[in-house]
Every structure is written in structure tokens, then in C-alpha cells.
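Trainee: Please choose one part of this structure and take me through it closely, beginning with the chain as a whole and then going down to single side chains.

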Amino acid sequence: MFRSADPEGFPFWDDQFKDVESTVKVSATKLSNALSYAKNFVSNQDGKLPHLCVAEVKSGQLYSTNQMALSVLTLPELESSKLRIHYRDIPNVVSFLKGAGEGTVTVSETSNAAVFSRDDAAEFGVQRFHAQFPTLNVGDKVSKYWWEVDKATVLSSIQYLSTASDEGRLPLSRKGDSLKLNMKSSSGDSIGIEVATIDHDVE
């Protein structure tokens with residue numbers, strides 16, 4: 001957590017807790033799932049984009065982006081948190097959180113670190129990365145409607161399309177009451193599968 005070759009540069013944990021600026025309690029499973037999902041969208045370009053190599057909480061929302069896609073997860077329990085985790089630290093934090101089972105975890109933050117405390121008294125700390133996630137204007141407009149699809153059907157469709165394609169892109173489009181998944185085959189032809197959707201109007 002502290003970069004120093006001098007043993008004196010490693011303060012005791014007790015000293016760090018004196019500087020705690022924020023303490024929140026959240027379901028360990030909920031935070032673990034959120035971080036696992038957010039990691040899929042965190043950049044790994046430390047040299048070029050250090051400010052995008054983190055997942056960071058702002059006003060109860062966990063942000064991450066790799067400039068290709070943006071993830072925003074709402075976690076009301078973290079409203080007062082300013083948690084910022086480097087992508088290399090996320091797997092270790094997730095592993096620690098999974099050890100809590102269905103219990104809760106307390107997140108204590110200082111300007112230099114974040115400490116996760118489980119109900120079984122186990123603790124794990126990570127350094128707060130120096131580069132801050134940018135402020136993004138993603139808006140708060142509510143869609144006029146939303147729709148859902150069967151997860152198993154979508155996953156099996158992606159697996160099927162992947163066997164016939166060398167391309168990693170998966171454009172999505174709506175067609176009537178269906179979601180169309182498209183890929184280019186190895187021969188260059190367009191192949192697609194339509195998955196039924198259930199539409200919901202926003203009241």
C-alpha cells in the first residue's frame with residue numbers, strides 16, 4: 001500500500017485508521033459482483049490512460065471505461081464513498097470479498113488507501129491509485145421503455161456465432177420484437193440470430 005524502500009515509510013495500520021474519511025457497509029456479494037462486472041470495462045493502458053485504469057465510485061455509482069464502452073453501476077450503499085481501485089487490485093479485492101459469503105463488508109477509506117473488513121474480522125487493504133477517474137456527463141434521462149432478454153439464450157447465441165466468426169465485434173440491433181445479434185463469418189458474410197425480447201413501458 002505504501003511505496004517506500006525505507007521500513008519507516010510503512011506506517012502501522014492503527015495510524016492509518018486515524019485518518020479514515022469515510023466508512024460504509026455493503027453486502028460483500030453485491031460489491032464483489034459490481035467490481036467483477038466493472039473490471040470488464042477498465043482500461044489496462046497504464047502508461048497512456050492511467051485515469052481510466054481504475055473503477056471509481058462517485059455519488060453512489062461505480063464507473064469504469066476503456067473508451068470503447070462505459071459501465072455505470074448504481075450502489076446506493078456507497079453514496080458517501082469515494083472508493084477508487086486500480087484494475088490490477090480488483091481480482092484480489094473480489095477474492096477477499098467472496099470469502100465473506102453472504103455477509104457484509106465495511107469499507108474504510110483514507111486519502112491513501114481503502115481497507116475492507118469482513119464480519120469474521122479479516123481485513124484487506126489496497127492503495128488508492130493516484131490518477132482520478134474523469135467526471136463524465138452521462139446524463140440521468142430515463143428511457144421511455146426498456147426490454148429484457150433470456151440470458152441463457154443470448155449466451156448460447158453468442159457461442160454459436162463465435163464458432164463461425166474470427167471477429168470479436170458483436171453489433172446489436174432491434175428488429176420488431178426481437179434483438180438481432182450480428183457477426184461476420186470467416187468468409188466475410190453477415191450472420192445473425194434473432195432473440196425474442198419482452199418490452200416494458202416506463203410509467
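Mentor: Helices are DSSP runs of H or I with at least four residues and strands are runs of E with at least two, both numbered from the N terminus. By that count the chain holds four helices and 13 strands. This is a predicted model, in which local features need pLDDT of at least 70 and side-chain atom pairs count only at pLDDT 80 or more, while totals for chains, interfaces and linings use all residues. Residues are numbered from 1 along each chain as its sequence is written, and side-chain values use heavy atoms, with hydrogens and water left out.

Of the 203 residues in the chain, 36% are buried (under 20% relative accessible area, with exposed over 50% and partly exposed in between, for a 1.4 Å probe and protein chains only). If we take the contacts (heavy atoms within 4.5 Å) between residues at least 6 apart in sequence, 57% of them join residues at least 24 apart.

The part I would choose is the surroundings of R128, a residue in the loop between β8 (123–127) and β9 (145–148). R128 is buried and yet has no salt bridge (a side-chain nitrogen of Lys or Arg within 4 Å of a carboxyl oxygen of Asp or Glu). The nearest side chain of opposite charge (Lys and Arg count as positive, Asp and Glu as negative, with His and the chain ends not counted) is that of E56, which is 4.2 Å away. A polar atom of the R128 side chain does, however, lie 2.5 Å from the backbone oxygen of K82. Once neighbours within four places in sequence are left aside, R128 is in contact with E56, K82, L83, R84, T110, S111, N112 and A113.

Two of these contacts of R128, E56 and R84, are themselves joined, for their side chains meet in a salt bridge of 2.8 Å, N to O. Because R84 lies in strand β5 and E56 in strand β2 (residues 54–58), that pair ties together parts that are 28 residues apart in sequence. Both R84 and E56 are buried.

L83, another contact of R128, leads us on to S81, since the backbone nitrogen of L83 lies 3.1 Å from a polar atom of the S81 side chain. S81 sits in the loop between β4 (70–74) and β5 (84–86), and it counts as buried because its relative accessibility is 3%. The side chain of S81 also makes a polar contact of 2.5 Å with that of E109 (N or O atoms within 3.5 Å, where within protein one must be able to donate a hydrogen and the other to accept it, and residues adjacent in sequence count only if both atoms are side-chain atoms).

The loop that holds S81 has a further link, for the side chains of E77 and K30 meet in a salt bridge of 3.0 Å, N to O. K30 lies in helix α2 and E77 in the loop between β4 and β5, so this pair ties together parts that are 47 residues apart in sequence. Unlike the buried pair R84 and E56, K30 is partly exposed, with a relative accessible area of 33%, and E77 is partly exposed at 32%. The structure holds four salt bridges, and these two are among them.
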